[in-house]
Amino acid sequence: MKKIILTLTLVIFISAYASAQDYNTGVGLRLGFSNGLTVKHFISQRSALEGILSTRWRGFEITGLYEVHNNAFDVERLNWYFGGGGHVGFWNGDYTYGRWGDEGTNYILIGIDGILGIEYNFEDIPINVGLDWKPSFNLTGYSGFWGDGGALSIRYIF
């Protein structure tokens, strides 16, 4: 049993270092107009899936994104990325302060998202810091374009 565990551990470490990325999975906080949690997992050397659970106006939104990563400015561990995906969620019109929605109305949201960002992976500590813009378009609920999706993400990477 010890040999199996040792072999599996060795394979995991070798595969982690063989990747072009500095990490396979990152989990952390996303801070912006809409705050929440973020999980990013690489499915290939340049492609990642990101899931975001965010809160706003006493509601929540779940977003799934496909992202393509590239090295930025020939700086090691600095990457820029772009991609797209979709979201579902809801928010309460009572807490939009009359700007986006009607009091007494709960909105169920379904929409599409884009993302454009840059991130840096620290060498000595397992931390990743990213800054991105995530515009979205709600197809249902309070429909229309939302361009205020910028955020700072801080992730623990492994």
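**A note on the aromatic pairs and the cavity**

1. Y23 and F42 are a good place to begin: both are buried. Please keep in mind that this is a predicted model.

2. How are the rings of Y23 and F42 arranged? A search of the whole structure turns up ten aromatic pairs. For Y23 and F42, the ring centres lie 5.1 Å apart and the planes meet at 85°, so this pair counts as edge-to-face. The contact joins distant parts of the chain, 19 residues apart: Y23 belongs to the loop between helix 1 (2-18) and strand 1, while F42 belongs to strand 2 (residues 35-42).

3. Two further aromatic features deserve a look. W91, Y107, Y142 and W146 are linked into a cluster by ring pairs. Elsewhere, Y81 has the charged end of K40 sitting over its ring, 3.9 Å from the ring centre.

4. Now to the cavity. Searching the whole structure gives one cavity of 30 Å³ or more, and the volume of the largest cavity is about 300 Å³. Its lining comprises 24 residues, of which S34, S54, R56, E61 and K134 are the closest to the centre.

5. Which strand gives the most to this lining? That is strand 3, with four residues. At least two lining residues each come from strand 1 (25-32), strand 3 (47-56), strand 4 (59-71), strand 5 (78-92) and strand 8 (136-140).

6. Lastly, the chemistry of the lining is mixed: nine residues are nonpolar, ten polar and five charged. R56, E61 and K134 are among the residues closest to the centre of the cavity, so do view them together with S34 and S54.

How values were computed: Residues are numbered from 1 along each chain as its sequence is written. This is a predicted model: local features need pLDDT of at least 70, side-chain atom pairs count only at pLDDT 80 or more; totals for chains, interfaces and linings use all residues. Side-chain values use heavy atoms; hydrogens and water are left out. On a 1 Å grid over the protein atoms alone, a cavity is a set of points where a 1.4 Å probe fits but cannot get out, and a pocket is an open set with protein on both sides within 12 Å along at least five of seven lines; lining residues have an atom within 4 Å of a point. Grid points are joined across faces, edges and corners, and a volume is the space filled by probe spheres set on the points. Ala, Val, Leu, Ile, Met, Phe, Trp, Tyr, Cys and Pro count as nonpolar, Asp, Glu, Lys and Arg as charged, and the others, Gly among them, as polar. Rings of Phe, Tyr and Trp (its six-membered ring) pair if their centres lie within 6.5 Å; planes under 30 degrees apart count as stacked, over 60 as edge-to-face and the rest as tilted. Buried means under 20% relative accessible area, exposed over 50%, partly exposed in between (1.4 Å probe, protein chains only). A charge sits over a ring if NZ of Lys or CZ of Arg is within 6 Å of the ring centre and within 35 degrees of the ring normal.
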